[in-house]
Amino acid sequence: MTFDPGEDRKRADEARLAQEAGRWRSHSRRVQLYRRLLPILIVLLAGGALTWTVFRTVMSGVEREASAAKEIRLDNPMFHGQDAAGRSFIIGAQGAVRDPATGRFRLNGPVLRLNLGGTKVTEMTADAGIYNETARSVTIGPNVRISDGGSGFVLTTPEAVVDTASGVVTGDKGVEGRGPLGTISATSYAIYEQGERVVFRGSGDNKVQGTINPASGE
């Protein structure tokens, strides 16, 4: 038997080529598979992202509706009470919403009447306010208007804080007053005894300023 090195090399080359061809065909099949799967994966991922976005949007809406459903809405509410001295007051509003998380009432167009039955009823109005029944306080503003029915004096201020336990009204965002006796402006104010006594204060260079009208007929 004659040994032919060239024939062996030929068979080895053919085997190597067959192996390479097999690997190439396997790689080609994987490439074709990836080409078919890639668009499907892209669609699935895009669909998943869209589905999650829609889901979160729907859930957010449900959560908002659930929260709103827990809120107590009142039209033209009226809260009655008394301070520590037994003086009656009324807290009214065009509308109110009770926050379930805090128990506070958000007031729209609040109206407060203090010292009911007294010689001088103090009335307070504003655009909005917060009534904290637990803390026994009412904060109203902006555009607060405080009128004293006894003297005809009217105060205007950005904010007023009412302590319904003591009947004291305070504010530190500036105040202006006008009435039959004249005008006054100050940095802060405090109304005691549900309107029986008013104290004005200045701050730094902003002193309390006022004018007195001459008596009628003089």
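Asn-143 is placed in the loop between S9 and S10, strands being DSSP runs (E) of at least two residues, numbered from the N terminus. The phi of Asn-143 is near 55°, a positive value in a residue other than glycine. With 51% relative accessibility, Asn-143 counts as exposed, because exposed means over 50% relative accessible area, buried under 20% and partly exposed in between (1.4 Å probe, protein chains only).

The model is a predicted one, in which local features need pLDDT of at least 70 and side-chain atom pairs count only at pLDDT 80 or more, while totals for chains, interfaces and linings use all residues. Residues are numbered from 1 along each chain as its sequence is written, and side-chain values use heavy atoms, with hydrogens and water left out.

Pro-142 also belongs to a loop, the one between strand S9 (137-140) and strand S10 (144-148). The peptide bond that leads from Gly-141 to Pro-142 is cis, with omega near 0°.

From this loop the reader may turn to Thr-157, a residue of strand S11 (residues 154-157). Leaving aside neighbours within four places in sequence, Thr-157 is in contact (heavy atoms within 4.5 Å) with Asn-143, Val-144, Ile-146, Gly-174, Val-175 and Tyr-189. The side chain of Thr-157 reaches the backbone oxygen of Gly-174 at 2.6 Å. Such a polar contact is a pair of N or O atoms within 3.5 Å; within protein, one must be able to donate a hydrogen and the other to accept it, and residues adjacent in sequence count only if both atoms are side-chain atoms. Thr-157 counts as buried, because its relative accessibility is 5%.

A second buried residue is Asn-132, with a relative accessible area of 14%. Asn-132 is found in strand S8 (residues 128-132), and its side chain reaches the backbone nitrogen of Thr-134 at 3.3 Å. When residues up to four places away in sequence are not counted, Asn-132 touches Arg-104 and Ser-137.

Two further loop residues follow. Asn-76 lies in the loop between strand S1 (72-75) and S2. Although Asn-76 is not a glycine, it has a positive phi of about 50°, and it is exposed, with a relative accessible area of 59%. Gly-86 has its place in the loop between strand S2 (78-82) and strand S3 (88-92). With a relative accessible area of 38%, Gly-86 is partly exposed. Gly-86 and Ser-166 are 80 residues apart in sequence, and their C-alpha atoms are 9.7 Å apart in space.

The last topic is the largest pocket. Rolling a probe the size of a water molecule over the atoms shows where empty space is left. On a 1 Å grid over the protein atoms alone, a pocket is an open set of points where a 1.4 Å probe fits, with protein on both sides within 12 Å along at least five of seven lines; lining residues have an atom within 4 Å of a point. About 200 Å³ of space lies in the largest pocket, a volume being the space filled by probe spheres set on the points, which are joined across faces, edges and corners.

The lining of the largest pocket includes Ser-151, Phe-153, Pro-180, Leu-181 and Phe-200. Strand S15 (182-186) and strand S18 (209-212) each supply at least two residues of this lining, and S15 gives the largest share, 3 residues. The lining residues divide into 6 nonpolar, 4 polar and no charged. Here Ala, Val, Leu, Ile, Met, Phe, Trp, Tyr, Cys and Pro count as nonpolar, Asp, Glu, Lys and Arg as charged, and the others, Gly among them, as polar.

Note on methods:
Helices (H or I, at least four residues) and strands (E, at least two) are DSSP runs, numbered from the N terminus.
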